Amino acid sequence: MKDKIKRKALLWLLKIKALKPLEMAKYAYFNTNFYKNLYGKEPFDFKSLPLAKKEAIKEASPYDLLSKRLKNKVIWYGETTGSSGSPTPSFYTEKEFMGAYLLSLISPYNKALKEIIRENRTSVNGLTLEFTIAGASFADLLVKNGALVCNVGSRSTIGPPERIARAITRLKPSIICGTPIDFLSWMWIIKEDYPKEYDSVLKNLKLLLSTAELCSDSRVLRIKEHFGITHINTYATVEGFFTLTCPCGNKHILPAYYCELFDENLEYIGETGKGRLVITNLVKRSTPFVRYLLDDLVTIEETKPCPYGFSKNIIPHGRYELSIKIKESLYNVGDIEEILFEYGLFGDYSISLFNDYVNVEIEEYGSYKIDGLEEELFNLFGIPCKIKIVEWGSLTPYREIRKTKPILKFIDQRREKTQKIPEVL
């Protein structure tokens, strides 16, 4: 009951602090060079405002997006990985940086998190600690919830997979933060290099906090089942933690964000349905993001409130530019992954769509049974499907530092295609 009251109070506080979309547009216009140049004049009709596209942000100085009112109060700077060819910048004040911690307080998982930390305070944070803000913010939420944090990072020469696996083996944490593919790599290395310690590591491990990589609900479930742990996957961006992962099985949009959907031609669809995601952060004033074309392909739906009182759900399918049109509908890596992981726990995977057939390679990892998978994929694509199960590590060298973000798993090789491979992964 106490947690429920706290959650309601924090959500109410978010709503109080949130501006209306047009109010945030006016704030951005009067306080940043970027939006002053984008709008040209004071905005009075939100729906008529142009979208803030990554191409325009690419040409701007990071300081053009920084609020003049808060320029002396920002303490953190972060960037996306930059798949558009140039990273999207974002500044944070101390209060804004606490967003991840506040999200943990609102989360229905907060009680379980506290209990896990109470039994074993040690956690290993394997999220990147460089330009992206995820590693720092997840470390902050763990510390503020009472955890002891070992920041091992990832994708760097100082924190290669073998060293991270060694640290996990020695520390035996209750919580690990990382991308799903990194987590699988570390656990496999422990099993190979420290076989006598593996069961002890697994006995202590209670929770995986994953982010920075699309992870379908079926994949979350398989990881949870295989390791016997709680697995919370967060859909967030450098622009903020705009969703809440819920035990009801859905990801909910927080009231601090106004989300809109647009079609392939960037024509407005509405606030629900399937389309290209545009977000307006209604509380972040240091770096306003107003009608920002995040450009993930998502489905947003309004449903009856779940047991925790949330009703607006979001399903990420993948980055729009990587979408593939099949039978006049757009599909993405999330749709394929949802099917694949119904058949077991796999490592990495690769799907290549040709004019006459589909080629699928899937790495072994845990238990699986693929009877029926070929038929299910045939029903989706309408053409024969060739499935090849390969050894773990064949697609992702799990002992090497990852040099790219693992988003390019579904590739259109047809003669006529609309998929656009980003400049930087």
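This is a short walk through two sheets, a pocket and two cavities, with something to select at each stop.

Before you click, keep in mind that the model is predicted, with local features needing pLDDT of at least 70, side-chain atom pairs counting only at pLDDT 80 or more, and totals for chains, interfaces and linings using all residues. Residues are numbered from 1 along each chain as its sequence is written, and side-chain values use heavy atoms, leaving out hydrogens and water.

**Stop one: a parallel sheet**

Select 148-151 and 230-233. These are strands E4 and E7, the edge strands of an open sheet, each pairing on one side only. Helices (H or I, at least four residues) and strands (E, at least two) are DSSP runs numbered from the N terminus, and two strands pair if DSSP finds at least two bridges between them. Five strands make up this sheet, in the order E4-E3-E5-E6-E7, and the pairing is parallel. From one strand to the next, the twist averages 15 degrees. (Axes are lines fitted to C-alpha atoms, for helices over the stretch in contact, and angles run from 0 to 180 degrees between N-to-C directions.)

Now add 122-125 and 175-178: strands E3 and E5 pair in the parallel sense over three bridges. Which residue of E5 is the bridge partner of Ser123? Click on Ile175 to see it.

**Stop two: a mixed sheet and its helices**

Next, go to 385-390 and 410-412, which are E19 and E20, the edge strands of another open sheet. This one has four strands in the order E19-E18-E17-E20, with mixed pairing. Ignoring direction, its neighbouring strands are turned by 15 degrees against each other on average. Select 358-368 for E18, which runs parallel to E19 and is joined to E19 by six bridges. One pair to pick out is Val358 with its bridge partner Cys385 in E19.

Bring in helix H10 at 180-193. H10 packs on the sheet, touching E17 (344-353) and E18, and its direction makes about 130 degrees with that of E17; contact means heavy atoms within 4.5 Å. Then show 373-381, helix H14, lying across E17, E18, E19 and E20 at about 135 degrees to E19.

**Stop three: the second largest pocket**

Centre the view on Lys95, Glu96, Gly99, Leu102 and Val283, the closest to the pocket centre of its 30 lining residues. The volume here is about 840 Å³. On a 1 Å grid over the protein atoms alone, a pocket is an open set of points with protein on both sides within 12 Å along at least five of seven lines, a cavity is a set where a 1.4 Å probe fits but cannot get out, and lining residues have an atom within 4 Å of a point. Points are joined across faces, edges and corners, and a volume is the space filled by probe spheres set on them. Helix H6 (99-106) gives the most to the lining, with five residues.

**Stop four: two cavities**

How many cavities of 30 Å³ or more turn up in a search of the whole structure? Two. The largest holds about 220 Å³ of space. Select Ser104, Ser107, Leu209, Ile232 and Thr234, the closest to its centre among 17 lining residues.

Finish at the second largest cavity, with a volume of about 110 Å³. Pro161, Asp182, Trp186, Glu400 and Arg402 are the closest of its 15 lining residues to the centre. Helix H10 returns here, giving the most to this lining with three residues.
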